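Colleague: I have a fold open in front of me and would like to learn how to read it. Could you walk me through it?

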Amino acid sequence: MSKKPLIYFLCTGNSCRSQMAEGWARHLGGDRIEVYSAGIETHGLNPRAVAAMKEAGVDISHHTSDLIDPDILNRADYVITLCGDANDKCPVTPPQVNRLHWGFEDPAKARGSEEEVTAKFHEVRDAIKNRIAKFLEEEVNQ
């Protein structure tokens, strides 16, 4: 059996979008893939991201906010940046690494009522889920 593809999700603070992406990839990809997430900085887990994922049946409360690990970066089959900042500041990856950029709005920057902010988290959560499901179908299930 060939080795499992390693997918590394990167964002600025590894608190929200990359955490949701890691959670969805683990949930949808199961043991067919190896998944990590990290940031250029560590901002801790966003409690709203944890709550939004929990409502969708995915527990990311045990995740940690981690800095980019050069070893994982160099072993990755796919490095997927989820914000422009990470895309611009991500260290150079070896030629064999597939670099992808999926720009998602940062729900942590949402303003308005509690309902409006929660709705933004749900919107981004669901958009990330759909993008990962499509990616797994196209790239992993071959």
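Modeller: Gladly! Keep in mind that this is a predicted model. Let's begin with a loop residue: Thr93 sits between helix 4 (84-89) and strand 4.

Colleague: Is Thr93 buried or exposed?

Modeller: The cut-off for buried is under 20% relative accessible area. Thr93 has 15%, so this residue counts as buried.

Colleague: Which residues does Thr93 touch, leaving out those up to four places away in sequence?

Modeller: Its contacts are Leu73, Val79 and Arg99.

Colleague: Now the interior. Which residues have the most contacts inside the largest nonpolar core?

Modeller: That core holds 43 residues, and the ones with the most contacts inside it are Tyr8, Phe9, Leu10 and Ile132. Two or more residues each come from strand 1, helix 1, strand 2 (34-39), helix 2, helix 3 (70-75), strand 3 and helix 5. Helix 5 gives the largest share, eight residues.

Colleague: What does Tyr8 touch?

Modeller: Beyond four places in sequence, the partners of Tyr8 include Tyr36, Ala38, Leu67, Ile72, Leu73, Val79 and Ile80.

Colleague: And how do I check the length of helix 5?

Modeller: Use 1.5 Å a residue, counting one less than the number of residues. Helix 5 (residues 114-140) has 27 residues and should therefore span 39 Å; its end C-alpha atoms lie 37 Å apart, which agrees.

Colleague: Which elements do the buried residues of helix 5 pack against?

Modeller: Those residues, among them Phe121, Arg125, Ile132 and Leu136, pack against strand 1 (6-11), helix 1 (17-29), helix 2 (47-55), strand 3 (78-81) and strand 4 (98-101).

How values were computed
Residues numbered from 1 in each chain as written. Predicted model: local features only at pLDDT ≥ 70, side-chain atom pairs only at ≥ 80, totals over all residues. Heavy atoms only, no water. Helix = DSSP H or I, 4+ residues; strand = E, 2+ residues; numbered from the N terminus. Buried < 20%, exposed > 50% of the residue type's maximum accessible area, 1.4 Å probe, protein only. Contact = heavy atoms within 4.5 Å. Core = buried A, V, L, I, M, F, W, Y, C linked by side-chain atoms within 4.5 Å.
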